[in-house]
Amino acid sequence: MTPRILCFGAGGHAAVVVDLLQLIQARGEAELLGLVAEPGAETHVLGAPIVGSDAALVSLATTLGATHFVVAIGTIRGGATLRMRLFEMGEAAGLLPFVAIHPTAVVSAHATIGPGSVVMAGAVLQARVHVGRNAILNTRCSIDHDCIVEDHAHLAPGSVLSGGVRVGIAAHVGTGAAVMQNICIGSGATVAAGATVVRNCAPYATIAGTPARLVHAAQS
């Protein structure tokens, strides 16, 4: 059966996800039913209608005959936490998380991508890469061999992971950042745009610069 998808979100990141889902729909591999978002001025995103809010998710899913969902919330203040909540809400409503992979992405046959993760245009995933649930692998990010990207993490456009890197749950690696081999980025950590990471980053810390240094430590 063709997946019938509800997309959570209606902002800038959602527009990129909708564009990807429309490509997948044009190939006959899925059907985008619409977007789930809080009421606002917009009624459509790239022609895809906003069909209701997450408060009515169960009834929306039933009425529209939805089978799958995608979370299309990027990293804003509280973004990872919001993505996690929406992912759990989608599963609680009985929907399946849909894996969306752009046709221009290069994904090794020996890589694994978890439920609900999104792989954007030009991304590269090499052999033995493992991606968890609900991750964002954004435009032209590069993930080399044996990396692990855990649940709800976000690799921003143009970010680069060398071999053997681990990115923790809900961590964010900023635009154009480069992470050297065998580094661990802790859960909830933030790597600033353009950073060069040469040592491990503690959970919930923020690092920036070349080489990357601690900007904000995790709060106890």
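## Aromatic cluster

Phe69 is buried, with a relative accessibility of 1%. In this predicted model, Phe69 belongs to an aromatic cluster that also takes in Phe8 and Phe87. The cluster rests on ring pairs, and the model has 2 aromatic pairs. The rings of Phe8 and Phe69 have centres 5.5 Å apart and planes at 20°, so this pair is stacked; the cut-off for stacking is under 30 degrees. Phe8 sits in strand 1 (residues 4–8) and Phe69 in strand 5 (residues 68–71), so the contact ties together parts of the chain 61 residues apart in sequence. Phe8 is buried as well, at 1% relative accessibility.

The rings of Phe69 and Phe87 also have their centres 5.5 Å apart, but their planes stand at 65°, so the pair is edge-to-face, a class that requires over 60 degrees. Here strand 5, which holds Phe69, is linked to helix 3 (residues 79–92), which holds Phe87, across 18 residues of sequence. Both Phe69 and Phe87 are buried.

## Helix 2

Helix 2 spans residues 57–64, and its buried residues are Leu57, Leu60 and Ala61. These residues cover an arc of only 100° around the axis, which puts them on the same side of the helix. Val58, Thr62 and Thr63 are exposed and lie on the face turned away from the buried side of helix 2.

Gly65 follows just after helix 2 and takes a positive phi of about 70°.

## Strands 2, 3 and 4

Strand 4 (residues 48–52) is joined to strand 2 (residues 31–36) by 2 bridges, and these strands run parallel. In this pairing, Leu35 stands opposite Ile50 of strand 4.

Strand 4 is also joined to strand 3 (residues 44–45), again by 2 bridges, but in an antiparallel arrangement. Val45 has Ala48 in strand 4 as its bridge partner. Strand 3 and strand 4 form a hairpin with 2 residues between the strands, and Leu46 in this hairpin takes a positive phi near 50°.

## The six-stranded sheet

An open sheet of 6 strands has parallel pairing, in the order 8-11-14-17-20-23. Its edges are strand 8 (106–107) and strand 23 (196–197), each of which pairs on one side only.

At one of these edges, strand 23 is joined to strand 20 (residues 178–179) by 2 bridges, with the strands running parallel. Ala178 has Thr196 in strand 23 as its bridge partner.

## Salt bridges

Side chains of opposite charge can pair when their charged atoms come close. The model contains 7 salt bridges. One of them joins Arg128 to Asp146, with an N to O distance of 2.6 Å. Arg128 lies in the loop between strand 11 (124–125) and strand 12 (130–131), while Asp146 lies in the loop between strand 14 (142–143) and strand 15 (148–149), so the pair ties together parts that are 18 residues apart in sequence. The partners fall into separate accessibility classes: Arg128 is exposed, at 58% relative accessible area, and Asp146 is partly exposed, at 27%.

A salt bridge also forms between the side chains of Glu150 and Arg166, at 2.8 Å from N to O. This pair links distant parts of the chain, 16 residues apart: Glu150 is in the loop between strand 15 and strand 16 (154–155), and Arg166 is in strand 18 (residues 166–167). Arg166 is partly exposed, with a relative accessibility of 38%.

Arg27 and Glu29 form a further salt bridge, in which the closest N and O atoms are 3.4 Å apart. This value lies within the 4 Å cut-off, so the contact counts as a salt bridge. Glu29 is partly exposed, with a relative accessible area of 40%. Elsewhere, a network of salt bridges links Glu91, Arg133 and Asp151.

Definitions and conventions: Residues are numbered from 1 along each chain as its sequence is written. This is a predicted model: local features need pLDDT of at least 70, side-chain atom pairs count only at pLDDT 80 or more; totals for chains, interfaces and linings use all residues. Side-chain values use heavy atoms; hydrogens and water are left out. Buried means under 20% relative accessible area, exposed over 50%, partly exposed in between (1.4 Å probe, protein chains only). Helices (H or I, at least four residues) and strands (E, at least two) are DSSP runs, numbered from the N terminus. The arc is that of the directions from the helix axis to the C-beta atoms. Two strands pair if DSSP finds at least two bridges between them. Rings of Phe, Tyr and Trp (its six-membered ring) pair if their centres lie within 6.5 Å; planes under 30 degrees apart count as stacked, over 60 as edge-to-face and the rest as tilted.
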